[in-house]
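Please open the structure in a viewer and keep the selection tool at hand. The tour below proceeds stop by stop, each with a selection to make and a description of what is found there.

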Amino acid sequence: MIRVTADGHLEIDLKVVPRASRSKLGPRLGDRIKAQIAAPPVDGEANAELVALIAKTLSVPRAQIAIARGEQGKQKTLRLMLHDSARAQALATHLETLLGN
């Protein structure tokens with residue numbers, strides 16, 4: 001779900017629901033985090049909005065966020081390329097707190 005990799009990146013497993021009334025994160029759905037995205041899944045709009053939502057939520061530049069798996073599916077893994085295990089762990093803890101865990 002949320003994990004720090006050996007090279008200091010943060011990976012987040014998500015279940016994306018496009019065309020929501022507004023964009024928001026949570027709650028957890030099994031081993032993934034639900035991400036409701038207002039944009040439609042057309043021409044990468046939902047992916048762009050998802051990246052923007054994570055960037056805003058975690059105060060990370062969009063350029064440091066990549067879709068590692070599931071670019072065209074609803075189940076995605078985002079990778080935050082931080083190259084710093086301590087910062088990645090701090091962001092993971094912050095995200096867990098935001099989700100209520």
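## Helix H1 and its surroundings

The buried residues of H1 pack against six elements: E2, strand E3 (24–29), E4, E5, E6 and H2. The model shown is a predicted one. Select H1, residues 45–58, and colour its buried positions, which are Ala46, Asn47, Leu50, Val51, Leu53, Ile54, Ala55 and Leu58. An α-helix has 3.6 residues a turn, so residues three or four places apart point the same way. The 14 residues of H1 span 20 Å from the first C-alpha to the last, close to the 20 Å expected at 1.5 Å a residue.

Move next to serine 59, just after H1, where phi is positive at about 55 degrees. Serine 59 belongs to the loop between H1 and E5. Its relative accessible area is 60%, and serine 59 is therefore exposed, the threshold being over 50%.

## The largest nonpolar core

Which residues of the largest nonpolar core touch the most other members? Select Leu10, Ile12 and Leu80, which hold that position among the 27 residues of the core. Then display the elements that each supply at least two of its residues: strand E2 (10–17), E4, H1, strand E5 (65–69), strand E6 (75–80) and helix H2 (85–98). The greatest contribution is that of H1, with 7 residues. In soluble globular proteins, nonpolar side chains tend to be buried together.

Centre the view on leucine 10 and show its contacts. Beyond its neighbours within four places in sequence, leucine 10 is in contact with Ile2, Arg3, Val4, Leu78, Arg79, Leu80, Leu82, Ala88, Leu91 and Ala92.

Continue to isoleucine 65, in strand E5. Is isoleucine 65 buried or exposed? Its relative accessible area is 8%, and isoleucine 65 is therefore buried, the limit being under 20%. Not counting residues up to four places away in sequence, isoleucine 65 touches Val51, Ile54, Ala55, Val60, Leu78, Arg79, Leu80 and Met81. A distance label drawn from isoleucine 65 to arginine 32, 33 residues apart along the chain, should read 18 Å between the C-alpha atoms.

## Strand E4 and the cis peptide bond

Select glutamine 36, a residue of strand E4 (residues 32–36). With a relative accessibility of 18%, glutamine 36 counts as buried, because the limit is under 20%. Apart from its neighbours within four places in sequence, glutamine 36 is in contact with Val17, Ala20, Arg22, Ser23, Lys24, Gly26 and Leu53.

From glutamine 36, follow the contact to Gly26. Glycine 26 and proline 27 are joined by a cis peptide bond, with omega about 5 degrees. Proline 27 is part of strand E3. Most residues other than glycine have a negative phi, and most peptide bonds are trans.

## The largest pocket

Turn now to the largest pocket, whose volume is about 220 Å³. Which of its 14 lining residues are the closest to its centre? They are Pro41, Asn47, Glu71, Gln72 and Lys76. H1 provides the largest share of the lining, 3 residues. Coloured by class, the lining shows 5 nonpolar, 4 polar and 5 charged residues.

Within this lining, select glutamate 71, found in the loop between E5 and E6. Glutamate 71 has a relative accessible area of 51% and is therefore exposed, the threshold being over 50%. Glutamate 71 touches Asn47 and Lys76, not counting residues up to four places away in sequence. Between glutamate 71 and asparagine 47, which are 24 residues apart in sequence, the C-alpha to C-alpha distance is 7.4 Å.

## Toward helix H2

Proceed to histidine 83, in the loop between E6 and H2. Histidine 83 is not a glycine, yet its phi is positive, about 55 degrees. Its relative accessible area of 62% makes histidine 83 exposed.

The last selection is glutamine 89, in helix H2. With 43% relative accessibility, glutamine 89 counts as partly exposed. A final distance label, from glutamine 89 to lysine 24, joins C-alpha atoms separated by 22 Å, for residues 65 apart along the chain.

Definitions and conventions
Residues numbered from 1 in each chain as written. Predicted model: local features only at pLDDT ≥ 70, side-chain atom pairs only at ≥ 80, totals over all residues. Heavy atoms only, no water. Helix = DSSP H or I, 4+ residues; strand = E, 2+ residues; numbered from the N terminus. Buried < 20%, exposed > 50% of the residue type's maximum accessible area, 1.4 Å probe, protein only. Contact = heavy atoms within 4.5 Å. Core = buried A, V, L, I, M, F, W, Y, C linked by side-chain atoms within 4.5 Å. Expected span 1.5 Å × (residues − 1). 1 Å grid on protein atoms, 1.4 Å probe; cavity = no way out; pocket = protein on both sides within 12 Å on 5 of 7 lines; lining within 4 Å. Points joined across faces, edges and corners; volume = space filled by probe spheres on them. Nonpolar A, V, L, I, M, F, W, Y, C, P; charged D, E, K, R; others polar.
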